Amino acid sequence: MTAAANEAPLWQPGPDRIAAAAVTRFQSWASQRYGAPAEGGYAALHQWSVDELDTFWQAVADWFDVRFSTPYETVLADRTMPGAQWFPGATLNYAEHALRTAEDPLRADAPALLHVDETHTQVPVSWSELRRRVGSLAAELRTLGVAPGDRVSGYLPNIPQAVVAFLATAAVGGVWTSCAPDFGARSVLDRFQQVEPVVLFTVDGYRYGGKEHHRADTVAELRRELPTLRAVVHIPLLGTEAPEGALEWSALTSADTEPVFEQVPFDHPLWVLYSSGTTGLPKAIVQSQGGILLEHFKQIGLHCDLGPDDRFFWYTSTGWMMWNFLVSGLLTGTTLVLYDGSPGYPDVSAQWRVAEQTGATLFGTSAAYVMACRKAGVHPGRDFDLSRVQCVATTGSPLPPDGFRWLHDEVDAELWIASVSGGTDVCSCFAGAVPTLPVHIGELQAACLGTDLRSWDPAGRPLIGEVGELVVTAPMPSMPTRFWNDPDGSRYHDSYFDMYPGAWRHGDWITITEHGSVIIHGRSDSTLNRQGVRMGSADIYEAVERLPEIRESLVIGLEEPDGGYWMPLFVHLAEGARLDDELRDSIKRTIRENLSPRHVPDEVIEVPGIPHTLTGKRIEVPVKRLLQGTALAKAVNPGSIDNLELLHFYEDLARKRH
């Protein structure tokens, strides 16, 4: 992605829009209350937010009226990363804030949720009804003995029941964790077994691409392999009877019970998210009730500019951090659009149809979806009434320049296009949407407030206008408090703080431009990142190498210049095996059934062998660099490889592709 600093912006907010933006009003208010700069616009506000980090976050808590049931002693007791201590002494509850709109008699009957499935019928859930269901379920969880700190898991699609189950868990001080039902049993168990849940919410199946996918067998396996479960709650999405010993969802959510919100310390765990590295089990990332509350208030209320009059639609599943981010739209009194189904069913226009039908004001999707629409010749602005859509936001991978142009030309010339980038690791954005700044083709508008974002060279020197590592040099409240089952913190430290001690290194290549915007160039490590979901290669190896025909395998994910993502699987076959169509189908079926459709490679390619380090580790990063066209001498240290000759295959393949 490239963009010249002197190019005219693709879009510029008008003076009325700038004046009406929440971030403008926040800056004016914070200048009077907290000494923020009154002049200089967003750039001055951002500089103040990182220079005066404590004061900025105090102002955010004040502006959004965060209810601390016991006051905090100080904002930031320790700035050390990892280990920053936010708001010590404070207690609060995330779910209490998420349901606050239900207390307003003028809003109680307005929709908090709009659920849409592949039939494109809308089912609203009002604020008062959402609060009632959460109150009923929270009381039942307490009856089941769920105490603060206990883990509660969901094997659920993007449906209202998932939101209710999460909020009820948060209300009792439990720790939520979820996987989408297209994950196979092994993939789910690799996650849930780490955290040992006491309750499992599950559907009997789901609908996707016009078909029903039954999950009774998978659920039975999860129950067998999760010995800590005290209760399983059955949600009959496909209308089946509850299996023996399972509780009925309807029975747990029918009472008219006022919710009781457990007041927990600021750093009390809210949920566990999963981000796969290249080896071992997925990282189990713990984020706090208070940290997520503040970070999401800032991100959704100031950066996304969402409030009570908005409808927030982001195409996501419960296995992706964007689902957690979407649910936080409730914090600002915003109506959430929950779409459960295929992004391209019955045709590629499906998401635009949902945006039209629900009156979405912010429509979030993937860069890959935008590029697919462009390729298919879709004309959203012509074919759908998108007059309420103020912003189209994209994440998952960088939005290519052609994607910006297509949205501008085919949706609306006045459209605010927000390409954003962050990570599961912080459940937020490092850079992206700013409603008061211009949009330049191929660029994210700016670093987010309170995010001291830098681009560093290998020696830790800051870069402007050059590609470097994405680094954050000051703590963010939503950074993980820890990883689960990482008692000495070593895995957490090694994941982000190994390269630059005391600074968060995320694993993306970025350029910070002269005018303060950000360009993302893709992953700087070998983690697979497909459709916005990071996946670990180890999961794929485990599934594929169960097949007797496969001796060893190597999977690589490559960001393409046109915005696509190429994920080949290289296989070293056992003696006598042949890579024919039957074996290719078997490999793909094994991956789909054991992991998910998202894990299925684009191509399966036979190789003469898999290269390793001298200590026996598969070398993914050097192979990725070779496939991107890097010369062999620059891609790898020859002295660290067990068989250098094997790398010539990938070098030759790169030449053919380029």
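This section describes a three-stranded sheet, a buried glutamate and the aromatic contacts of a predicted model.

An open sheet is formed by three strands in the order β31-β34-β35, and the pairing within this sheet is mixed. Its edges are provided by β31, spanning residues 550–555, and β35, spanning residues 603–606, each of which pairs on one side only. On average, neighbouring strands of the sheet are turned by 30° against each other, direction being ignored. Strand β34, comprising residues 568–573, runs parallel to β35 and is joined to β35 by four bridges. Within this pairing, P568 has E603 of β35 as its bridge partner.

A charged residue was examined in another strand. E469 is located in strand β25, which covers residues 468–472. The relative accessibility of E469 is 6%, and because buried residues are those under 20%, E469 is classed as buried. The side chain of E469 engages the side chain of R505 in a polar contact at 3.2 Å.

Aromatic contacts were considered next. Across the whole structure, 38 aromatic pairs are found. One of these is formed by F483 and Y496, whose ring centres lie 6.0 Å apart with an angle of 75° between the planes, an edge-to-face arrangement. F483 belongs to strand β26 (residues 482–483) and Y496 to helix α17 (residues 490–496); the pair therefore ties together parts that are 13 residues apart in sequence. Both F483 and Y496 are buried.

A further pair is made by Y492 and F497, with ring centres 5.8 Å apart and planes at 75°. Since plane angles over 60 degrees count as edge-to-face, the pair of Y492 and F497 is assigned to that class. Y492 is buried at 6% relative accessibility, and F497 is likewise buried, with a relative accessible area of 0%.

Elsewhere in the chain, ring pairs connect several residues into a cluster consisting of F26, W29, Y34, W48, F56, W57, W63 and W86. An aromatic ring also takes part in a contact with a charged side chain: R482 is positioned over the face of W484, at 4.6 Å from the ring centre.

Terms used
Residues are numbered from 1 along each chain as its sequence is written. This is a predicted model: local features need pLDDT of at least 70, side-chain atom pairs count only at pLDDT 80 or more; totals for chains, interfaces and linings use all residues. Side-chain values use heavy atoms; hydrogens and water are left out. Two strands pair if DSSP finds at least two bridges between them. Helices (H or I, at least four residues) and strands (E, at least two) are DSSP runs, numbered from the N terminus. Axes are lines fitted to C-alpha atoms, for helices over the stretch in contact, and angles run from 0 to 180 degrees between N-to-C directions. Buried means under 20% relative accessible area, exposed over 50%, partly exposed in between (1.4 Å probe, protein chains only). A polar contact is a pair of N or O atoms within 3.5 Å; within protein, one must be able to donate a hydrogen and the other to accept it, and residues adjacent in sequence count only if both atoms are side-chain atoms. Rings of Phe, Tyr and Trp (its six-membered ring) pair if their centres lie within 6.5 Å; planes under 30 degrees apart count as stacked, over 60 as edge-to-face and the rest as tilted. A charge sits over a ring if NZ of Lys or CZ of Arg is within 6 Å of the ring centre and within 35 degrees of the ring normal.
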